[in-house]
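Dear colleague,

I am handing over the structure that I have been going through, and I would be glad if you kept it open beside this message while you read. My notes come after it, arranged by region.

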Amino acid sequence: MLAAALHGKAQDAAEPPPATQEPPDAAPGAPLHLESAADAAPGRQRCGLIAIVGKPNVGKSTLLNALVGQKVSITSRKAQTTRHRITGIRTLADGQGGGTQFVFVDTPGFQTRHATALNKSLNKTVLGAIGDVDLILFVVEAGNFTLADAKVLSLLQPGIPVLLVANKLDLVQRRAEIAPWLRSMQERHPFAEFVPMSAKNKGEIERLLGICARYLPEQSWWYAEDELTDRSEKFLAGEIVREKLFRFTGDELPYTSTVLIDKFDEEQSRQHARMLRIAATIVVERESHKAMVIGEKGERLKRIGTEARQELEKLLGAKVFLELWVKVRSGWADDEARVRSFGYE
C-alpha cells in the first residue's frame, strides 16, 4: 500500500459567508464557505466517500491528485485516460485523535461513443461509484456545458448532495460571464453548492476540502492516517507506464491500448534500501501501433521506459529496474473475456 505522511492541522482562515444554492454575485472563484476540516469538532472523527465524476478529459484525475496531495491517478491530455475506479485518501488530523478523512473515488469519464466491451466496462465502473457515496463532485469546465456533460449529469440520482466543481477557471478570459452561467447550471440540477476553481491552485483545493468536510458523517476513519490509496504498488506501476505511453504517442495511438504488469518483484540489495524489478507489456491492437510505440530504433519505447522508471522511483521510494515489451492483441477492446482478463470490471 502506497503511503506517506500528508496529515496535519488545517490552516486557520477567516470564515467567509456561507454558500447558498443560488449562484453568488461575487467575483467568480471567491470563497463560498470554508470550515476547517480539522478544527470543526476537536477529538471527533469524520469520514466519508466522495465520488468525482464528469465527462472524459475534464480534469478529474488532476483534481484527485491535488486533493490527496500526491499522485495516485494518472493524467494525460488524451481523453479516457482513467480506466479504473481509483481511490485516493486524504486525512486532516486535529492532533487530538480526531479530524476528517476524505475517501475520494476518481472514475473514468462516461463513454457515449463506441459501444465496445471496454467502454461498457468503464461505464459500469462509473455507475458503481456514484450509487453509494456521501457526496458527488460533478466536474465541468468553467463556463461550458456540453452534451457529454449532460449525459453524466443525467446519471446522478436524487438524495445524494452534488457540488458543481467548475474547474479550469484560470482558462476563462471573461470572468463576468461565470455568474450567469452558474445560474443556468442551477436550472439543470439542484446543486448543493457551486465551486468555481482551478485544480492547480493550492488555496482553492484547501477551500474545496473545507466545503466537502461538512457533508461527511461523524464516524471512525476507514484507513490509517498516512494511507493515500487503496490501490497496490503493482497497479500504480501499470498506470504510470500507461500515462507515459499516452503522453509520448499523443493522438497517434488509439486509446484502446493498455499495460499489463508481468512481474513486480522486490529484491534484496546492498546498494539500495529498496529495489524493485518490474516487467510490463504494452498491448496494442495493430502491428502499425506496435511500430508507433517502439519508434525509430526503439527510441520512443526507451523514452517511455525511462520516464516511467524515474517517476516510479520517486513515487515508490526504491531503485527500479523496468523492462518493457510491446505485443499485438487484435480486437481485445471488443472481447469481453479479454477485457476482464486484463483487469477491467
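Below I describe a three-stranded sheet with its helices, and then some elements from earlier in the chain. Please bear in mind throughout that this is a predicted model.

**The sheet S7-S8-S9**

A good place to begin is the open sheet formed by three strands in the order S7-S8-S9, in which the pairing is mixed. Its edge strands are S7 and S9, each of which pairs on one side only, and neighbouring strands are turned against each other by 15° on average, when direction is ignored. As general background, strands of a sheet pair through backbone hydrogen bonds, and they may do this in the parallel or the antiparallel sense.

Both senses can be followed from strand S8, residues 275-284. With strand S7 (residues 258-267), S8 pairs in the antiparallel sense over nine bridges, and you can find your way into this pairing at Thr-258, which stands opposite Val-283 in S8. With strand S9 (residues 319-328), S8 runs parallel, and ten bridges join these two strands; here Ala-280 has Leu-324 in S9 as its bridge partner.

Is S8 enclosed by the rest of the structure or open to the outside? Buried here means under 20% relative accessible area, and nine of the ten residues of S8 are buried, so the strand is largely enclosed by the rest of the structure.

**The helices H7 and H8**

Helix H7 lies across S8 and S9, and its direction makes about 155° with that of S9. Helix H8 packs on the sheet as well, where it touches S7, S8 and S9, and its direction is at about 140° to that of S9.

The two helices also meet each other, since H7 (residues 287-294) and H8 (residues 299-316) pack at an angle of about 65° with their axes 5 Å apart. On the H7 side the contact is made by Met-292, Val-293 and Ile-294, while on the H8 side Glu-299, Arg-300, Leu-301 and Ile-304 take part. Of the residues in this contact, five are nonpolar and two are charged, and none is polar.

**Elements earlier in the chain**

Strand S4 (residues 135-141) is mostly covered, with six of its seven residues buried. Strand S1 (residues 45-53) pairs with S4 in the parallel sense over four bridges, and in this pairing Ala-51 has Ile-136 of S4 as its bridge partner. S4 also pairs in the parallel sense with strand S5 (residues 162-167), this time over six bridges, and there the partner of Leu-137 is Leu-163 in S5. Together with helix H3 (residues 147-154), S4 and S5 make a right-handed β-α-β unit.

Helix H1 (residues 60-68) is mostly covered too, as seven of its nine residues are buried; among them are Lys-60, Ser-61 and Asn-65, along with Leu-63 and Leu-64. Just after H1, Gly-69 takes a positive phi of about 95°.

With best wishes

Definitions and conventions: Residues are numbered from 1 along each chain as its sequence is written. This is a predicted model: local features need pLDDT of at least 70, side-chain atom pairs count only at pLDDT 80 or more; totals for chains, interfaces and linings use all residues. Side-chain values use heavy atoms; hydrogens and water are left out. Buried means under 20% relative accessible area, exposed over 50%, partly exposed in between (1.4 Å probe, protein chains only). Two strands pair if DSSP finds at least two bridges between them. Axes are lines fitted to C-alpha atoms, for helices over the stretch in contact, and angles run from 0 to 180 degrees between N-to-C directions. Contact means heavy atoms within 4.5 Å. Ala, Val, Leu, Ile, Met, Phe, Trp, Tyr, Cys and Pro count as nonpolar, Asp, Glu, Lys and Arg as charged, and the others, Gly among them, as polar. A crossover is right-handed if, with the strands pointing away from the viewer, the path from the first strand over the helix to the second runs clockwise.
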